[in-house]
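Please take a moment to look over the sequence and the model below, and then follow the text from one part of the chain to the next.

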Amino acid sequence: RMQDFLERLHRATPPTWVTHTLLGVNVVVFVVAAALGVSMLSPRADQLLALGGNFLPYTLEQPWRLVTAMFLHAGIIHIGFNMWALRDLGQIAERFYGNWQYLVIYATSGVFASLASLYFSASEAVSVGASGAIFGVAGAILAAVLTKPRMLPAPLVVHMRRSMFIFVGYALFMGFTVPVIDNSAHVGGLVSGFLMATLMSVRFDWDDFRANAWRSALLAVAGALVAGTVLWRLVPAPAP
């Protein structure tokens, strides 16, 4: 049964082109930044800020930083870990939710991660990285295995539930113990990805996906727009 399920899932979403495109964009941005003189090992905060990093006083005036910060990284180790996680988790989530729903989850989670950071880390320092969006992808996978377990093979549910809890738990623990890790972005991405995916249809429930995918995706986007607008309006003013 497991093999049949995996084969059907691969047939439903043969190319995971969104994940591979996101990987490519992140790497290209990193290479371009290096070509512009940004250190590949330990870039300065002012360099990341100049390229679009998320920092409260600047982001309030330039909201586009909520997006650009998702594609910047603080060194080769930072991007290496993030791209490894994106490759592994992204392909699973993309097959679970389909290309376009997955793209919406990723992008929205990244923006909410940046928004959450404005209340904490990015109020005091420049915040960058794809990890908030990647945590949103992890949240989407958790939504599938926790809210729709009967539609998945039982061994797969057990394995993925354990793997995701270990990944999320370890990453959040590291975020609470290592000062330079932006845990607020991780939590913001995780929660938004989980909630959006809960509203969306999954590819492995083909009848529901075919009948309701667009409707459920629009509902999730509408909810995200409302929540995002509220959070943006409540962002605290920078300290004088």
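**A walk through the helices**

D46 is partly exposed, with a relative accessible area of 44%, and in this predicted model its side chain forms a salt bridge with R44, the closest N and O atoms being 2.9 Å apart. R44 is likewise partly exposed, at a relative accessible area of 48%. This salt bridge belongs to a set of three in the structure. Another joins the side chains of D88 and R87, with 3.0 Å from N to O; here D88 has a relative accessible area of 33% and is partly exposed, and R87, at 40%, also counts as partly exposed. A further salt bridge links R210 with D207, where the closest N and O atoms are 3.3 Å apart. Because R210 and D207 are three residues apart in helix 11, about one helical turn separates them, and both R210 and D207 are exposed.

With these charged pairs in mind, turn to the chain as a whole. It contains eleven helices and zero strands, so that reading along the sequence gives the pattern α-α-α-α-α-α-α-α-α-α-α. The radius of gyration is 18 Å, close to the 18 Å that the globule rule gives for 240 residues, and the chain is therefore as compact as a globular protein of that length. Its C-alpha atoms fill a box of roughly 55 × 35 × 30 Å along the principal axes. Of the 240 residues, 48% are buried, and among the contacts with a separation of 6 or more, 78% are between residues 24 or more positions apart.

What does the chain show on its outside? It exposes about 12,100 Å², and carbon and sulfur atoms supply 70% of that area. On the surface, M40, L41, I76, I77, F81 and W84 form a nonpolar patch, with about 700 Å² of accessible area together. One of these residues, I77, lies in helix 6, which covers residues 76–97, and I77 counts as exposed because its relative accessibility is 62%, where the cut-off for exposed is over 50%.

The inside of the model can be approached through T13, which lies in the loop between helix 1 (2–12) and helix 2 (17–35). Is T13 buried or exposed? Its relative accessible area is 1%, so T13 is buried. Leaving aside neighbours within four places in sequence, T13 is in contact with E94, R95, G98, N99 and R203.

Aromatic rings offer another way in, and the structure holds six aromatic pairs. One of them is formed by F96 and F204, which meet edge-to-face, at 5.2 Å centre to centre and with 80° between the planes. This pair links distant parts of the chain, since F96 is in helix 6 and F204 in the loop between helix 10 (183–199) and helix 11 (206–233), 108 residues apart. Both rings belong to buried residues, F96 with a relative accessible area of 2% and F204 with one of 11%. The rings of F135 and F167 have their centres 5.8 Å apart and their planes at 35°, so this pair is tilted. It too links distant parts of the chain, with F135 in helix 8 (residues 131–147) and F167 in helix 9 (residues 154–177), 32 residues apart. F135 is buried, at a relative accessible area of 4%, whereas F167, at 23%, is partly exposed. Finally, F96 and F204 join F5 in one aromatic cluster.

How values were computed. Residues numbered from 1 in each chain as written. Heavy atoms only, no water. Patch = residues over 30% accessible without salt bridge, like charges linked within 9 Å, V, L, I, M, F, W, Y side chains within 5 Å. Areas by Shrake-Rupley, 256 points an atom, 1.4 Å probe, with all protein chains shown as cover. Salt bridge = Lys/Arg side-chain N within 4 Å of Asp/Glu carboxyl O. Helix = DSSP H or I, 4+ residues; strand = E, 2+ residues; numbered from the N terminus. Buried < 20%, exposed > 50% of the residue type's maximum accessible area, 1.4 Å probe, protein only. Contact = heavy atoms within 4.5 Å. Phe/Tyr/Trp six-rings, centres within 6.5 Å; stacked < 30°, edge-to-face > 60°. Rg over C-alpha atoms; globule rule 2.2 N^0.38 Å.
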